[in-house]
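This report concerns the fold of one chain and the nonpolar packing that can be followed through the coordinates.

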Amino acid sequence: QEQEQSSGSGSGSGSDSGSGPDSGSGSARPQPLEPSLLRFLVCPLSKRPLSRYEESTNELINEELGIAYPIIDGIPNMVPEAARRTHTKAPAEASEQP
Amino acid sequence: LWRSRCRVLLSRPAAAPRARRGLAAGPEMHFGFQTVTEEERREKIYQVFENVAKKYDVMNDSMTLGIHRVWKDILVHKMNPCPGTLLLDVAGGTGDIAFRFINYVRSVRQRQLQRKLKHHQNLSWQEIFESYQNDKFNNSLGDSQVVVCDINREMLKVGKQKAQHLGYSEGLSWVLGNAEELPFDDDKFDVYTIAFGIRNVTRIDLALQEAYRVLKPGGRFLCLEFSHVSNPLLSRLYDLYSFQVIPVLGEVIAGDWRSYQYLVESIRQFPPQEELKAMIEDAGFFKVDYENLNFGIVAIHSGFKL
């Protein structure tokens, strides 16, 4: 019954208004992240803001701890167990591949 | 067989009250009527919801005869959100609360716009033009937003599909996260809801602390959950229905007796109204209160961060 949406209800992607940094990505397969989410998201371990969204690997990076959280089907996976280490020298948290 | 087993477990003096409070007082915790370690409990609960995700809504309708819809409506009405509200719906997997929230603020917004229009009948065209320029609330939700957070990927998938199917896209986002360790900044949200989810959290105290942390000062905590029926006759009927009918429905509809057995057992293990109220107060909330629905089969707890 909810037909009067202002944006993209017919398309299957996760993005909303076209103003985010990732709306112009070429490949349709990795679903882009909802841009407004980046306002609220922090690293669940450090509770500090995330450094950036990495478009090539579709991950959210926390440079401080050297970890990256994957985004699968447009849903960021923000549990510590899913984080991947981005550097060779390990931070305190052990992490594993999702 | 299970009935004698559960009677034995319930009569255990030390483990039962500690387990009921949902704190990891020792390595042992309850999973329904079983005793398991904290890690096992998390895994088992994850599997339960992984299994039931696709049939979750159907099962809710069958088990509660559709009444769960009314409970959720009451929750959102109690919330009474105005346009511009930022909601965090935790354990909100399939989106029931999120969709209701969106419907509610949209209709409030529509009434607001209609009232504005009536005002504008006596204005000049220039004044009307200027008022549209100044109006920051250009979208139909009035900048309201809901973030749905759940620990289970399957539940979120179902929720996202439902959203697409029903046409919800604006003001809605999905995050995979742990209620005990939320990936959100402090003092961010106006309202935090957790509907039929807190029962499945392993460390309820941590989840409540996190709820307190992410709420803005003045923000509201709302919890909708199965609770305890004090009326003895009703309690017996409720037990009968729970233990005789629900697991059977689970097997017939979802092909999964065990998960629904867990469900009814976990309701019995969950703290009753007053105890949950105390736990919420312990987390720092003020004006904590609860409202029984259907004689305590379900209760809505509410608290404020001041």
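What follows describes chain A first and then the nonpolar cores.

The structure is a predicted model, and the statements below should be read with that in mind. Chain A contains five strands and zero helices, so its elements are best listed simply in order along the sequence, as β-β-β-β-β. The general figures for chain A are collected here.

| Property of chain A | Value |
|---|---|
| Residues counted as buried, of 98 residues | 40% |
| Contacts with a separation of 6 or more that join residues 24 or more positions apart | 26% |
| Accessible surface | about 5300 Å² |
| Part of the accessible surface belonging to carbon and sulfur atoms | 48% |

The largest nonpolar core comprises 41 residues, and the members that touch the most others in it are B:Leu88, B:Phe184, B:Phe189, B:Tyr192 and B:Phe221. Chain A takes part through strand 3 (67-72), which gives two or more residues to this core, as do several elements of chain B, including strand 3 (86-90), strand 4 (145-150), strand 6 (189-195), strand 7 (215-226) and helix 12 (273-282). The greatest contribution comes from helix 9 of chain B, with five residues.

Around B:Leu88, once neighbours within four places in sequence are set aside, the contacts are B:Val147, B:Cys149, B:Leu182, B:Phe184, B:Phe189, B:Val191, B:Tyr192, B:Thr193 and B:Val214. Another core, of 37 residues, lies apart from the largest one, and B:Ile97, B:Phe101, B:Ala195 and B:Leu224 are among its members. As a broader background, nonpolar side chains in soluble globular proteins tend to be buried together.

Technical notes. Residues numbered from 1 in each chain as written. Chains lettered and ligands numbered in written order. Predicted model: local features only at pLDDT ≥ 70, side-chain atom pairs only at ≥ 80, totals over all residues. Heavy atoms only, no water. Helix = DSSP H or I, 4+ residues; strand = E, 2+ residues; numbered from the N terminus. Buried < 20%, exposed > 50% of the residue type's maximum accessible area, 1.4 Å probe, protein only. Contact = heavy atoms within 4.5 Å. Areas by Shrake-Rupley, 256 points an atom, 1.4 Å probe, with all protein chains shown as cover. Core = buried A, V, L, I, M, F, W, Y, C linked by side-chain atoms within 4.5 Å.
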